[in-house]
Amino acid sequence: QVQLVESGGGLVQTGGSLRLSCAASGRTSVTPYIGWFRQAPGKEREFVAGTTWTWGGTLYEDSVKGRFIISTEGSKNTVYLQMNGLKPEDTAVYYCAASPTAFDLKPPNYWGQGTQVTVSS
């Protein structure tokens with residue numbers, strides 16, 4: 001089992017920044033793929049950004065490219081999402097996710113509880 005705990009959400013004005021953190025524990029060695037998804041009210045959950053603990057490489061949803069940065073700190077089993085230039089359409093509950101397979105192959109096996117990000121106009 002893998003446990004994921006997010007933190008760092010909150011309320012920010014348009015153009016502002018937030019950094020989300022996700023601390024992973026348990027059998028993280030079996031879930032090399034780590035990343036972030038989000039779900040806005042009335043919408044389906046969507047992929048935001050992904051990476052791996054050891055192989056590097058990053059992938060972003062088109063609307064966040066150039067604004068969001070995903071990174072990991074392996075010594076702390078923590079993944080971050082630095083969000084800059086926030087827009088009202090970024091408002092959503094953000095979920096940390098971990099999986100043994102790439103996110104585009106199948107949905108993640110493990111999810112955090114989510115953290116709310118609200119961007120005011």
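## Notes on an all-strand chain

1. Let's begin in a loop. Threonine 31 is found between strand 3 (18-26) and strand 4 (33-39). This is a predicted model, so please read every value below as computed from it. Is threonine 31 buried or exposed? With a relative accessibility of 1%, threonine 31 counts as buried, because the cut-off for buried is under 20%.

2. Which residues surround threonine 31? Setting aside neighbours within four places in sequence, threonine 31 is in contact with Val2, Trp53, Ala98, Ser99, Pro100 and Tyr110. Try finding Val2 in the structure, as this residue returns in the points on strand 1.

3. Now step back to the whole chain. The secondary structure comes to 11 strands and zero helices. Read from the N terminus, the elements run β-β-β-β-β-β-β-β-β-β-β. The radius of gyration is 13 Å, close to the 14 Å that the globule rule gives for 121 residues, so the chain is as compact as a globular protein of that length.

4. Some overall values help to complete this view. The C-alpha trace spans about 40 × 30 × 25 Å along its principal axes. Of the 121 residues, 45% are buried. Among contacts with a separation of 6 or more, 55% come from residues 24 or more positions apart. The accessible surface is about 6200 Å², and carbon and sulfur atoms account for 51% of that surface.

5. Next, have a look at one sheet. Four strands form an open sheet with antiparallel pairing, in the order 1-3-8-7. Why is one side of strand 1 (2-7) and of strand 7 (68-73) left without a neighbour in the sheet? Both strands stand at the edges and each has a single partner strand, so one side of each has no neighbour there. On average, neighbouring strands of this sheet are turned by 20° against each other, with direction ignored.

6. At one edge, strand 1 and strand 3 run antiparallel and are joined by six bridges. For valine 2, the bridge partner in strand 3 is glycine 26. The side chains along strand 1 alternate: Val2, Leu4 and Glu6 point to one face and are buried, whereas Gln3, Val5 and Ser7 point to the other face and are not buried.

7. At the other edge, how many bridges join strand 7 to strand 8 (residues 78-83)? There are six, and these two strands also run antiparallel. Phenylalanine 68 has methionine 83 as its bridge partner in strand 8.

8. The loop between strand 7 and strand 8 holds asparagine 77. This residue is partly exposed, with a relative accessible area of 26%. Asparagine 77 lies 52 residues from serine 25 in sequence, yet their C-alpha atoms are 7.1 Å apart in space. Beyond neighbours within four places in sequence, asparagine 77 is in contact with Cys22, Ala23, Ala24, Thr28 and Trp53. You met Trp53 earlier, among the contacts of threonine 31.

9. Finally, visit threonine 115, which lies in strand 11 (residues 115-120). Threonine 115 has 11% relative accessibility and counts as buried. What does its side chain reach at 3.2 Å? The answer is the backbone nitrogen of glycine 9. Not counting residues up to four places away in sequence, threonine 115 touches Glu6, Ser7, Gly8, Gly9, Leu20, Ala92, Val93 and Tyr94. Glu6 and Ser7 bring you back to strand 1, where their side chains point to opposite faces.

Notes: Residues numbered from 1 in each chain as written. Predicted model: local features only at pLDDT ≥ 70, side-chain atom pairs only at ≥ 80, totals over all residues. Heavy atoms only, no water. Pairing = 2+ DSSP bridges. Axes fitted to C-alpha atoms, helices over the stretch in contact; angles between N-to-C directions. Rg over C-alpha atoms; globule rule 2.2 N^0.38 Å. Buried < 20%, exposed > 50% of the residue type's maximum accessible area, 1.4 Å probe, protein only. Contact = heavy atoms within 4.5 Å. Areas by Shrake-Rupley, 256 points an atom, 1.4 Å probe, with all protein chains shown as cover. Polar contact = N/O pair within 3.5 Å; in protein donor to acceptor, adjacent residues only side chain to side chain.
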